[in-house]
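Pull up the model and keep the sequence open beside it. We'll go through it a few residues at a time, with a stop at the ligand later on.

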Amino acid sequence: MNFDDLLGRLSLEEKVRILTGQDFWSTHPLPAIGLRSMVLSDGPSGVRGAVWDERDPSLNLPSATALSSSWDVGIAHRYGVVSALEARRKNVDVVLGPTINLHRSPLGGRHFEAFSEDPVLTADLAAAYVAGVQELRVGATPKHYVANDFETDRFTANVVVDERTLREVYLLAFEKAVTESKAWLVMSAYNSINGATASENDLLETPLNTDWGFDGVVVSDWTAVRSLESAKHSQDLAMPGPVGAWGDALVEAVRSGEIKEDAIDRKVRRLLALAARVGALEGYEKPADPPQVDGIAFARTAAAEGTVLLRNEGALPWRSDELTKVAVIGHNARDARTQGGGSATVIPESVISPLSGLRTALPNAEITYSIGAVVQEGVAELPPATMTNPQAGEPGARVRFLGADGSELFAEDRFSSALVYLGGNAPIGESAVFEFRTTWTPSESGAIQLGFASVGRGRIFADGKLLREDTAVPVGNDLGAALLSPPSISTPLEVTAGTPIDVRVELDVPKLEGGLSNALSITVGVEPSNDDPQALIDEAVAAARAADVALVVVGTNSKVESEGYDRTSLALPGRQDDLVRAVAAANPRTVVVVNAGSPVLLPWRDEVAAVLATYFGGQEYGDALSDVLLGRAEPGGRLPTTWPREQEDVPVINVTPKDGVVRYDEGIHIGYRAWLKAGTEPAYEFGHGLGYTTWELSDLRANDPSSVALTVRNTGDRAGKHVVQVYVERPESALDRPVRWLAGFAVVRLDAGQAREITVGLHEHAFEHWDNEWATEPGAFTIRAGSSISDLPLSTELQVR
Ligand code: BGC
């Protein structure tokens, strides 16, 4: 594509203008040259669209950790296609994903959003996702380039990491998405890498452009372009806009000769190429109509494929004809977490909880529900069915933005009490007060905590009476993150089921700066009361004792896993560990489901009959879980990351910058590599996951460094899925190497008794190391194949020259 002609028709001002967004989510159009605005949207587990609004819902896919648990590039590809379909449906041109930072530490706040602790598993799945998205002429954006593997002080922290580690681990995770899947964009991160912030870092040129042949657009993470200096680098598009560090100052800098116009032209060419690719530039072919794919059915399949059966003492699958009474227990069984918090959040039309999924799957069984232990922290939104809009008399709420003199500047009817304004029409900057009103009809009687979660000073009224006025103060200085996971203020109130209450919350609109000047978020709702935790456990135990089986869904909450901060503890919040122990003691057929986006500690794991890790299962979570519990689907997952026994065993447990610096001193030894090096036993190792049948592997042969062949046999009595994993070792080496490292993997699905010879492709750098360039240490490598990092029955040798 040659854009010289178009470039020649643009003034310097026009060229510079299109290099900064026109608003929060879109680029500037230039109608004179047939360029329309392009919309960019998060991503990565669904596509939100240009507004954050329940009136325009999105498909909520399982989290990246669930996707990576499938170890299936076919699923990752379909995940990309379904995301692109959502993008096309919502007029989105670019999906801001996949997130391919690594699970360097399980404390990383966006762990749920990234794939794995292993760069090869990450690279293969990310490349398949990118190919799937772009097949439908939607741009994919591998992010955040690079070493953005923690959240604390994420805007300023400097990661110190050696070149070999960068190339072999952190960059390797990105490489294939660019070299093979030809990603149309890459997002530069907030952090610095070896002293230079990502948007001014030479890594944007090498390896990205020079070695990997990237010809797309480097878009900044939101507000990550902070200087004119970044315009000299291979940073192409600054988001969001319209105000940013470039603009008039960049025009001046070009005029004064400080920055070459060629550098600007290069960026503009790339932006035009992106526009041509997504169909935003006249004269280039428009995308064909997208195919029909059932996204909801895919979300259900993907969730089952990403469900990891960690332990099974003959308890699963259940036989539905044997179940007359099931005790479903756990806060997350009813209020499931289907996605992580922060910019990755989408608003699904509806969510199937484990409780409702099981009720549908077992229509003839008696299913009891006990909360068991409170997990939620802070205010949760009011159930939409309990809200009536006082103005319209219909379901929902009325919200208004008021000027300093009390005049109404903007008003709208909403159906949710969790509202996020980022972009959109609401005149937030000009407003003094935001008001939310609904007539709320509680479904249960008792003492509750009514309140709001937001940033700023607010007032809570019930039936016209002011109950509390106070300021919600965020923890930390990451205002963007605080908007998406805001602090709560609440007040006690006695309510009666069925008796409506006029709920009104006023918020003094906080004056935020820069990219957030037109942003506001507020959730009006109820905080859980937790006066007598032991009574909740006792009630669950009684239910479990009276049932054939007990299903306990444990998990995290939005205060534990969200963008903008790291976790501090791997323990399950609240009394959940006590709950599981008590239920397991009461019912030997206790199955525990772990609804967390990242590893958590499971100290009772050997006391229960079965444990399933589902990660965040997406909107069809409950149906997918029922499919697995009842054996209608195979638990298709294998762990993409090591799950520890104890927090102190975790190799990288400190993610807090010291004097602004995070040292990746462990080098190439992250994840299972570090566990192997230390010789510590985890709770569940990398690659682990059971199915419902048994397998035998045999006849491993390595012909050359690009692939191995072996025979896989399903020795059980039902069809199943197996993930064959191939690792490489170098027993005698002059280099510091991992004990073993993942080189390739393949998914095999076979009927009972069936056998198949398969070929497993090995990663192109599997036998190489970085020494200023990719290099090989000649000699014998051991190749091992099996079912996890430590279950490797087969081995062979390969001489590499
Ligand atoms: C996140 C990105 C996201 C962007 C836009 C940033 O805070 O780090 O992952 O794409 O916001 O929402």
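**A walk through the model**

Start at Asn714, which lies in strand S29, the stretch covering residues 707–714. Keep in mind as you look around that this is a predicted model. Asn714 is buried, because its relative accessible area of 0% falls under the 20% cut-off. What does its side chain have for company in there? One polar atom of the Asn714 side chain lies 3.0 Å from the backbone nitrogen of Gly716. There is also a distance of 3.2 Å between a polar atom of that side chain and the backbone oxygen of Asp751. So if you click on Asn714, show the backbone of Gly716 and of Asp751 along with it.

Ser416 makes a good next stop. You'll find Ser416 in the loop that runs between strand S15 (408–414) and strand S16 (418–422). Is Ser416 buried or exposed? Its relative accessible area is 7%, so Ser416 counts as buried. Its side chain has a polar contact of 3.3 Å with the side chain of Glu381. A polar atom of the Ser416 side chain also lies 2.9 Å from the backbone nitrogen of Ala418.

Now for a few residues paired with partners elsewhere in the sequence. Thr491 sits in strand S21, residues 488–495, and is buried, with a relative accessible area of 6%. Measure from its C-alpha atom to that of Leu700 and you get 65 Å, for two residues that are 209 apart along the chain. Val747 belongs to strand S31, which spans residues 741–750. With a relative accessibility of 27%, Val747 is partly exposed. Between Val747 and Ala472 there are 49 Å from C-alpha to C-alpha, and the two are 275 residues apart in sequence. Then there's Thr301, in helix H11 (residues 295–305). Thr301 is partly exposed too, since its relative accessible area of 30% lies between the 20% and 50% cut-offs. How far apart in space are Thr301 and Val611? Their C-alpha atoms are 20 Å apart, with the two positions 310 residues apart in sequence numbering.

Next, the ligand. There are 13 residues around the ligand, and the ones that come nearest are Asp42, Arg110, His144, Asp221 and Glu563. Sorted by type, this shell holds five nonpolar, two polar and six charged residues. Which distances should you check with your own ruler? Try Arg110: an N or O atom of its side chain is 2.7 Å from an oxygen atom of the ligand. For His144, an N or O atom in the side chain is 2.6 Å from a ligand oxygen. And for Glu563, a polar side-chain atom lies 2.8 Å from an oxygen atom of the ligand. On its own the ligand would expose 310 Å², and the protein buries 93% of that area. The space the ligand takes up is the second largest pocket.

Last, some backbone details to look at in stick view. The peptide bond from Thr206 to Pro207 is cis, with omega near 15°. Pro207 is in the loop between strand S7 (196–197) and strand S8 (217–220). Another cis peptide bond joins Gly241 and Pro242, and here omega is about 5°. Pro242 is also in a loop, the one between helix H8 (229–232) and helix H9 (247–255).

Two residues that are not glycines have a positive phi, and they're worth a look as well. One is Asp463, with phi near 45°. Asp463 is in the loop between strand S19 (456–462) and strand S20 (465–472). Buried or exposed, what is Asp463? Asp463 is exposed, because its relative accessible area of 53% is over the 50% cut-off. The other is Tyr615, with a phi of about 55°. Its place is the loop between strand S26 (610–613) and helix H17 (621–629). Tyr615 is buried, with a relative accessible area of 1%.

Conventions
Residues are numbered from 1 along each chain as its sequence is written. This is a predicted model: local features need pLDDT of at least 70, side-chain atom pairs count only at pLDDT 80 or more; totals for chains, interfaces and linings use all residues. Side-chain values use heavy atoms; hydrogens and water are left out. A residue is near a molecule or strand if one of its heavy atoms lies within 4 Å of it. A polar contact is a pair of N or O atoms within 3.5 Å; within protein, one must be able to donate a hydrogen and the other to accept it, and residues adjacent in sequence count only if both atoms are side-chain atoms. Accessible areas come from the Shrake-Rupley method with a 1.4 Å probe; for residues, only the protein chains shown count as cover. On a 1 Å grid over the protein atoms alone, a cavity is a set of points where a 1.4 Å probe fits but cannot get out, and a pocket is an open set with protein on both sides within 12 Å along at least five of seven lines; lining residues have an atom within 4 Å of a point. A molecule sits in a cavity or pocket if more than half of its atoms lie within 2 Å of its grid points. Ala, Val, Leu, Ile, Met, Phe, Trp, Tyr, Cys and Pro count as nonpolar, Asp, Glu, Lys and Arg as charged, and the others, Gly among them, as polar. Helices (H or I, at least four residues) and strands (E, at least two) are DSSP runs, numbered from the N terminus. Buried means under 20% relative accessible area, exposed over 50%, partly exposed in between (1.4 Å probe, protein chains only).
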